[in-house]
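Here is a short report on one protein model. Keep the sequence and the 3D view open as you read.

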Amino acid sequence: MLTLTEIWPPVRLTLALASITTALLLIVGTPIAWWLARSAARWKEAVATVVAMPLVLPPTVLGFYLLIFLGPDGPGGVVARWFGERTLAFSFAGLVFASVIYSLPFVVQPVRNAFEAFGSRPLEAAATLRAGPWDRFWSVAVPLARPGLMTEIGRAHV
């Protein structure tokens with residue numbers, strides 16, 4: 001029979017990974033989704049395609065690319081050497097990075113849809129009332145997109 005001391009380490013690792021990944025996804029994914037929903041740049045769909053790439057790559061291919069990226073000769077290895085480590089592959093930081101990359105499309109697409117759903121009229125109305133860009137985002141856009149954001153907060157990204 002398993003004891004609590006045998007069960008707790010993987011449970012703690014899973015909880016830490018899920019909470020850190022969710023927080024990072026909201027911090028990174030929300031601005032990307034906002035930009036994709038509101039930008040008129042010609043290359044925004046190319047950015048959306050790159051963000052959605054983990055959806056179309058087989059998991060083994062994505063894992064292979066992440067191992068190369070996080071390995072000692074990749075960019076992740078360079079970052080790891082700044083902190084005195086040899087590699088980010090097979091570390092908790094590498095696990096968090098891989099989880100964020102894999103889960104990013106599952107955050108960006110619904111949040112982008114939530115931002116696009118309410119259109120530009122509420123933001124234009126707030127601008128006529130002299131609300132600045134940050135005020136329009138936090139006072140108008142986030143409350144209107146709250147259902148899409150809450151869906152992402154409640155979803156497990158591990």
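## A proline on the outside

Pro59 is exposed, with a relative accessible area of 63%. The model behind this value is predicted. Pro59 is found in helix 3, which covers residues 59-70.

Now pick out Leu123 as well. Pro59 and Leu123 are 64 residues apart along the chain. Their C-alpha atoms are separated by 39 Å.

## The overall fold

How many helices and strands does the protein have? There are seven helices and zero strands. Read along the sequence, the pattern is α-α-α-α-α-α-α.

What about the dimensions? The C-alpha atoms fill a box of roughly 60 × 40 × 30 Å, taken along the principal axes. The radius of gyration is 19 Å. A compact globule of 158 residues would have a value near 15 Å.

## Surface and contacts

The accessible surface of the protein comes to about 10100 Å². Carbon and sulfur atoms hold 70% of that surface. Of the 158 residues, 33% count as buried.

Contacts also tell us how the chain comes together. Take the contacts between residues at least 6 apart in sequence. Of these, 68% join residues at least 24 apart.

## The nonpolar core

Next, look inside. The largest nonpolar core has 25 residues. Val108, Val111, Phe115, Phe118 and Ala141 have the most contacts inside this core. Five elements give two or more residues each: helix 1 (4-38), helix 2 (44-56), helix 5, helix 6 (121-128) and helix 7 (133-154). Which helix gives the largest share of this core? Helix 5 does, with eight residues.

Phe118 is worth a closer look. Leave out residues up to four places away in sequence. Phe118 then touches Trp34, Arg38, Leu123, Ala141, Leu144 and Ala145. Two of the core residues with the most contacts, Phe118 and Ala141, therefore touch each other.

## Aromatic rings

The structure holds eight aromatic pairs. One of them joins Phe115 and Phe137. Their ring centres are 6.0 Å apart, and the planes make an angle of 50 degrees. This pair is tilted. The pair links distant parts of the chain, with Phe115 in helix 5 and Phe137 in helix 7, 22 residues apart. Phe115 is buried, at a relative accessible area of 0%. Phe137 also counts as buried, at 12% relative accessibility.

Phe137 has another partner, Trp138. Why is this pair called edge-to-face? The centres of the two rings are 5.1 Å apart and the planes stand at 85 degrees, so the pair is edge-to-face. The angle cut-off for that label is over 60 degrees. Is Trp138 buried or exposed? Trp138 is exposed, because its relative accessible area is 53% and the cut-off for exposed is over 50%. Trp34, Phe115, Phe137 and Trp138 form one aromatic cluster.

## Two residues with positive phi

Most residues other than glycine have a negative phi. Here are two with a positive value. Phe90 has a phi near 65 degrees. Phe90 sits in the loop between helix 4 and helix 5. At 81% relative accessibility, Phe90 counts as exposed.

Arg130 has a positive phi too, of about 65 degrees, although it is not a glycine. Where is Arg130 placed? Arg130 lies in the loop between helix 6 and helix 7. Arg130 is exposed, with a relative accessible area of 79%.

## A threonine in a loop

Go back to the loop between helix 4 (75-82) and helix 5 (92-117), where Thr87 has its place. Which backbone atoms does the side chain of Thr87 reach? One is the backbone oxygen of Leu70, at 2.8 Å. Another is the backbone nitrogen of Ala89, at 3.0 Å.

Thr87 has further neighbours. Not counting residues up to four places away in sequence, Thr87 touches Leu70, Gly71, Pro72 and Ala80. Leu70 thus appears as a contact of Thr87 and as a polar partner of its side chain.

Methods. Residues numbered from 1 in each chain as written. Predicted model: local features only at pLDDT ≥ 70, side-chain atom pairs only at ≥ 80, totals over all residues. Heavy atoms only, no water. Helix = DSSP H or I, 4+ residues; strand = E, 2+ residues; numbered from the N terminus. Polar contact = N/O pair within 3.5 Å; in protein donor to acceptor, adjacent residues only side chain to side chain. Contact = heavy atoms within 4.5 Å. Core = buried A, V, L, I, M, F, W, Y, C linked by side-chain atoms within 4.5 Å. Buried < 20%, exposed > 50% of the residue type's maximum accessible area, 1.4 Å probe, protein only. Rg over C-alpha atoms; globule rule 2.2 N^0.38 Å. Areas by Shrake-Rupley, 256 points an atom, 1.4 Å probe, with all protein chains shown as cover. Phe/Tyr/Trp six-rings, centres within 6.5 Å; stacked < 30°, edge-to-face > 60°.
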